[in-house]
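User: I am new to reading protein models. Could you walk me through this one and show me how each term is earned?

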Amino acid sequence: MMKQILFTAALITTCGCQAGNTDTGYTVVSQEQMKSFTGRAIYTTEQGAYVGDLKDGNRHGYGVHYAKNGSVMAGHWENDAFKGEGVMISTDINSVSVGNFDGASLIGNGAITFEGDVAKGDFKKGSAMPEDVECYRTGEKIDCKDSKLYSSP
């Protein structure tokens, strides 16, 4: 509980917000208030924190979710699901994904990085890697078989 309070305080300070309705248009809401809140909000849970639009207590519109494991999902939310254009940063595996999302999966044209290598192409539902892929390292096109994204551990 103390970590959650400290995290909330740091988040509020970073956003320049204060408890209640703020000049920035964000309202700091409790977990109980969040269940039915509509508007721009800041809240924390055991899983992390969220800053963005809520509709009837669900993440809906633009928002940023900061997970307890260090990952960040920023972009469009629809009925509490990460859906549409966005960015997902997974600090635990040093990866960044950019494009259109359906949950935690890229759909359509997008890119994913891992340890400095980039794979970009067309992501199909349920596929971790794109079709018609192009791979890059430090801005130079490389053969995907040489990419860290495609090498076996």
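User: Which residues lie nearest the centre of the largest pocket, and how many residues line it?

Analyst: Happy to help! Keep in mind that this is a predicted model. The largest pocket is lined by 20 residues, and those nearest its centre are Ile93, Ser95, Ser97, Ile112 and Ala128. Its volume is about 320 Å³.

User: What makes a residue count as part of the lining of the largest pocket, and which strands supply at least two such residues?

Analyst: A lining residue has an atom within 4 Å of a point of the pocket. Strands β6 (81-90), β7 and β8 each supply at least two. β8 gives the most, with five residues.

User: How many residues of the lining of the largest pocket are nonpolar, polar or charged?

Analyst: The lining has twelve nonpolar, seven polar and one charged residues. As for the five nearest the centre, Ile and Ala count as nonpolar, and Ser falls among the polar ones.

User: Let's turn to the fold. What elements does the protein chain have?

Analyst: There are two helices and eleven strands in the protein chain. Starting at the N terminus, the order is α-β-α-β-β-β-β-β-β-β-β-β-β.

User: Why are β1 and β11 said to stand at the edges of the sheet?

Analyst: The eleven strands form an open sheet, running β1-β2-β3-β4-β5-β6-β7-β8-β9-β10-β11, with mixed pairing. β1 (26-28) and β11 (140-142) each have a single partner strand, so one side of each is left without a neighbour in the sheet. That is why they are the edges. On average, neighbouring strands of this sheet are turned by 15° against each other, direction ignored.

User: How do you know that β7 and β8 pair?

Analyst: Two strands pair if at least two bridges are found between them. Strands β7 (residues 95-102) and β8 (residues 105-114) have eight bridges, in the antiparallel sense, so they meet that cut-off. One example is serine 95, whose bridge partner in β8 is phenylalanine 114. The hairpin of these strands has two residues between them, and glycine 103 there takes a positive phi near 75°.

User: What makes β8 and β9 a pair as well?

Analyst: The cut-off is again at least two bridges. β8 and β9 (residues 117-123) have seven, also antiparallel, so they pair too. Alanine 111 stands opposite lysine 120 in β9. In their hairpin, with two residues between the strands, glutamate 115 has a positive phi near 50°.

User: Why is histidine 65 called buried?

Analyst: Buried means under 20% relative accessible area. Histidine 65, found in strand β4, has 14%, so it is buried.

User: How do you know that histidine 65 and arginine 59 make a polar contact?

Analyst: The distance joining their side chains is 3.3 Å. A polar contact needs a pair of N or O atoms within 3.5 Å, so this distance fits the limit.

User: And isoleucine 107: why is it partly exposed?

Analyst: Partly exposed lies between the buried limit, under 20%, and the exposed one, over 50%. Isoleucine 107 has 26% relative accessibility, so it counts as partly exposed. Its place is in strand β8.

User: How far apart are isoleucine 107 and phenylalanine 123, in sequence and in space?

Analyst: They are 16 residues apart in sequence and 4.9 Å apart in space, C-alpha to C-alpha.

Notes
Residues are numbered from 1 along each chain as its sequence is written. This is a predicted model: local features need pLDDT of at least 70, side-chain atom pairs count only at pLDDT 80 or more; totals for chains, interfaces and linings use all residues. Side-chain values use heavy atoms; hydrogens and water are left out. Helices (H or I, at least four residues) and strands (E, at least two) are DSSP runs, numbered from the N terminus. Axes are lines fitted to C-alpha atoms, for helices over the stretch in contact, and angles run from 0 to 180 degrees between N-to-C directions. On a 1 Å grid over the protein atoms alone, a cavity is a set of points where a 1.4 Å probe fits but cannot get out, and a pocket is an open set with protein on both sides within 12 Å along at least five of seven lines; lining residues have an atom within 4 Å of a point. Grid points are joined across faces, edges and corners, and a volume is the space filled by probe spheres set on the points. Buried means under 20% relative accessible area, exposed over 50%, partly exposed in between (1.4 Å probe, protein chains only). A polar contact is a pair of N or O atoms within 3.5 Å; within protein, one must be able to donate a hydrogen and the other to accept it, and residues adjacent in sequence count only if both atoms are side-chain atoms.
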